[in-house]
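Trainee: I would like to take a close look at one small part of this model and then see what surrounds the other places like it. Could you go slowly and explain each term as it comes up?

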Amino acid sequence: MKTFCGRANPTTGALDWVEESEEYDYHQEIARSCYADMLHDKDRNEKYYQGIRAAVSRVKARGERVVVLDIGTGTGLLSMMAVTAGADYCYAIEVFKPMATAATCIVERNGFSDKIKVINKHSTEVTVGPDGDMQERANILVTELFDTELIGEGALPSYEHAHMHLVQADCEAVPHRATVYAQLVESDMLWKWSQLQPIEVDGNKLLPPPAVVKCAGAPSVCDIQLSQVPPESFTPLGPICTMFRVDFSKQVSSAAQSYTAQFKAQTSGRAQVVLSWWDIDMDPDGSIVCTMTPSWNYSDPHTYPWRDHWMQSVYFLPAEKNVSEGEELNLIGSHDDYSLWYGLTHSVQNDVKVATFRPCCTCQAHLVWTRPRFGELNDEQRTESYVNALRSILKPDSVCLSVSDGSLLPIFAHLLGSKKVFSLESSGMAKQVIEQVLHTNSLKHGVQLLGIRPEQLSLADLEGNQISVLMGEPYFSTSLLPWHSLFFWYCRTAVAQLLHPSATILPRAATLYIVAVEFRDLWRIRAPCGTCEGFDVSPMDEMIQRSLDYRESLEAEPHPLWEYPCHALTKPRPVLTFDFTQCVPEQPVNSDGTVPITGRGRCHGVALWMEYQLTEDITVSMGLTKPVSEEGACEWNPHRKQGVFFFRSARETSGDGREDLSYNLTFEPHTGDIKMDFSITEP
């Protein structure tokens with residue numbers, strides 16, 4: 001049996017549905033999972049173990065037989081903790097078949113098969129009774145069903161069902177309760193991820209469409225490593241508020257609810273963003289706490305327990321509101337069974353209902369532009385680079401063609417005095433968004449938007465004009481890895497016959513860069529665990545490695561490296577240059593060589609990114625935004641994801657010239673992909 005999987009195709013700019021073997025889908029799911037990250041989360045594991053020991057002791061003190069229900073068991077770790085703590089029997093529920101198989105293997109390897117039963121079902125399908133999956137209801141409920149938003153993985157419906165059908169009325173629960181916190185802030189940096197700001201172009205102010213300004217935005221949570229957002233980039237307008245608690249030891253409701261936190265504004269400002277995170281208490285007394293609070297809330301940030309499977313949440317208010325110091329405010333948090341959202345009112349409300357609507361995009365811009373893309377469009381320094389580059393090449397008789405998704409570049413070209421500007425927008429929704437921008441700024445006839453693909457473009461579409469300037473950022477919504485934006489090169493090739501002999505291409509070239517890095521924390525998502533809290537979980541490591549070897553270990557993966565600090569162990573090295581003034585070549589392009597390792601540390605892998613040469617003297621980087629410091633510190637572009645090639649195991653480097661980073665990369669023109677291999681060698 002075959003399965004269809006979506007893969008970005010740089011040659012077409014589309015998401016192709018490729019036929020893969022039936023194993024591919026779950027191999028990819030395992031290879032890109034957070035299981036290793038969770039197993040490396042020592043703080044989480046220790047707190048769960050402490051909570052489980054305490055719960056087992058409380059049940060034993062009542063003279064009861066200890067029966068544990070572990071929903072979402074994963075590796076079976078929490079069930080093994082429970083048996084070790086003295087539980088008589090555990091039912092470990094895991095719906096994902098490969099994980100259930102791994103859990104069974106791990107349970108057997110650790111000698112717990114007689115006391116742990118792994119059930120490969122969704123918990124809502126589990127039956128209780130003499131002929132059921134469980135012989136009796138459990139008196140301890142252990143779960144790890146949480147995501148960054150707490151409830152996004154269906155924790156509330158799962159708890160609701162478990163209390164009704166699978167556990168005793170007076171059961172213990174680990175965790176015992178969760179508490180959700182929120183703080184209202186003003187932040188120009190974060191707000192730029194949600195709203196298009198006015199843009200200055202050559203003395204003209206490009207205004208956002210009213211529909212975009214009034215739009216409540218995308219409904220999904222923005223989950224990030226909030227510890228990497230500098231405290232100086234936002235101003236708290238209120239205290240950290242306790243929004244609501246969920247007691248997991250009692251009947252839980254998945255019904256929609258709203259909660260209010262009342263407070264006085266600490267300072268005057270613009271209420272724009274709500275920062276949110278949660279704690280879980282592993283025991284009724286709240287003495288065993290696992291918190292997701294950002295590092296800047298710690299008295300000693302160095303003690304912050306890094307984790308990537310649980311981060312923090314950023315919520316954007318439907319509209320920014322001016323608040324005055326001392327003003328009474330109501331922060332309203334609402335949730336349904338899977339998601340949270342926030343609202344703000346000035347007046348006192350004694351009866352808060354779920355009338356607060358869940359934000360949804362009505363302007364289409366938030367469906368076309370991702371939050372990083374909003375940030376990119378609002379980046380003044382980036383805009384200045386493109387405007388200066390365009391200004392240096394445009395002439396009064398320029399006929400421009402823009403190829404990028406939902407780009408403002410063609411509007412810039414018109415404002416800078418081009419004779420004609422055409423823009424290819426293959427997405428109907430993106431075309432409508434750009435039309436809104438043009439209409440708002442009375443530029444309706446300044447840019448002609450063509451809803452066709454490059455290979456369909458004809459001289460008639462261009463009103464008989466040859467293209468004198470072909471431009472692109474380039475940005476394409478289907479791009480996952482840095483080189484997927486080479487679709488611009490394929491577009492340039494497709495329209496080659498329509499270019500004027502002296503046409504200018506912007507950008508004129510792209511260069512792929514590499515740098516060997518030591519990650520402060522990101523390495524945990526790919527590092528084998530071996531043992532966890534004294535239990536052998538190596539079958540999980542083996543399963544992940546098999547899935548990586550299926551294909552993923554031969555490929556880079558995308559990560560926003562501004563969220564994941566790293567230390568450069570080599571100088572950045574350009575390894576492949578793509579000349580956009582020429583058509584895509586027929587034959588593969590290869591690059592191999594070595595880079596001296598000049599930094600001492602543990603080399604976890606290689607970071608890769610693109611830099612675009614707009615003109616001879618203007619370059620924009622999608623990776624490093626500043627030169628690497630002498631200490632190896634890296635600052636990364638926050639709007640694009642970079643590629644990361646992880647080594648199977650980290651390699652200690654001396655930094656004294658005894659090791660090199662060896663590389664071999666091949667650009668395959670027929671697929672648009674880049675095959676790569678890296679290793680640490682000694683000369």
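Where does P175 lie?

Mentor: P175 is in the loop between β7 (167-174) and β8 (177-186), where strands (E, at least two residues) and helices (H or I, at least four) are DSSP runs numbered from the N terminus. Before we go on, please keep in mind that this is a predicted model, in which local features need pLDDT of at least 70 and side-chain atom pairs count only at pLDDT 80 or more, while totals for chains, interfaces and linings use all residues. Residues are numbered from 1 along each chain as its sequence is written, and side-chain values use heavy atoms, with hydrogens and water left out.

What draws attention to this loop is the peptide bond from V174 to P175, which is cis, with omega near 0°. Most peptide bonds are trans, and most residues other than glycine have a negative phi. Another cis peptide bond joins E473 and P474, with an omega of about -10°, and P474 sits in the loop between β23 (467-471) and α14 (487-494).

Phi brings us to two further loops. L150, in the loop between β6 (138-143) and α6 (155-165), has a positive phi near 80° although L150 is not a glycine. With 2% relative accessibility L150 counts as buried, because buried means under 20% relative accessible area, exposed over 50% and partly exposed in between, for a 1.4 Å probe and protein chains only. E463, likewise not a glycine, has a positive phi of about 60° and belongs to the loop between β22 (448-450) and β23, but its 43% relative accessibility makes E463 partly exposed.

E473, the residue joined to P474 by the cis bond, also helps to line the largest cavity, together with L377, R382, T383, Y386, S407, L408, L409 and F412. On a 1 Å grid over the protein atoms alone, a cavity is a set of points where a 1.4 Å probe fits but cannot get out, a pocket is an open set with protein on both sides within 12 Å along at least five of seven lines, and lining residues have an atom within 4 Å of a point. Helices α11 and α12 (409-415) each give at least two residues to the lining of this cavity, and α11 has the largest share, with 3 residues.

Helix α11 leads us onward, since the largest share of the lining of the second largest pocket, 4 residues, comes from α11 as well. Elements that each supply at least two residues to that lining are α7 (188-191), α10 (371-377), α11 (380-393) and β33 (619-621). The lining has 43 residues, and W562, T625, E635, W636 and P638 are those nearest the centre of the pocket.

W636 then carries us into the largest nonpolar core, a set of buried Ala, Val, Leu, Ile, Met, Phe, Trp, Tyr and Cys residues joined through side-chain atoms within 4.5 Å. This core holds 129 residues, among which L69, F146 and W636 touch the most other members, and strand β15 (residues 269-281) gives the most to it, with 7 residues. Apart from it there is another core of 94 residues, including I393, L408, F476 and C603, and L408 is a residue that we have already met in the lining of the largest cavity.
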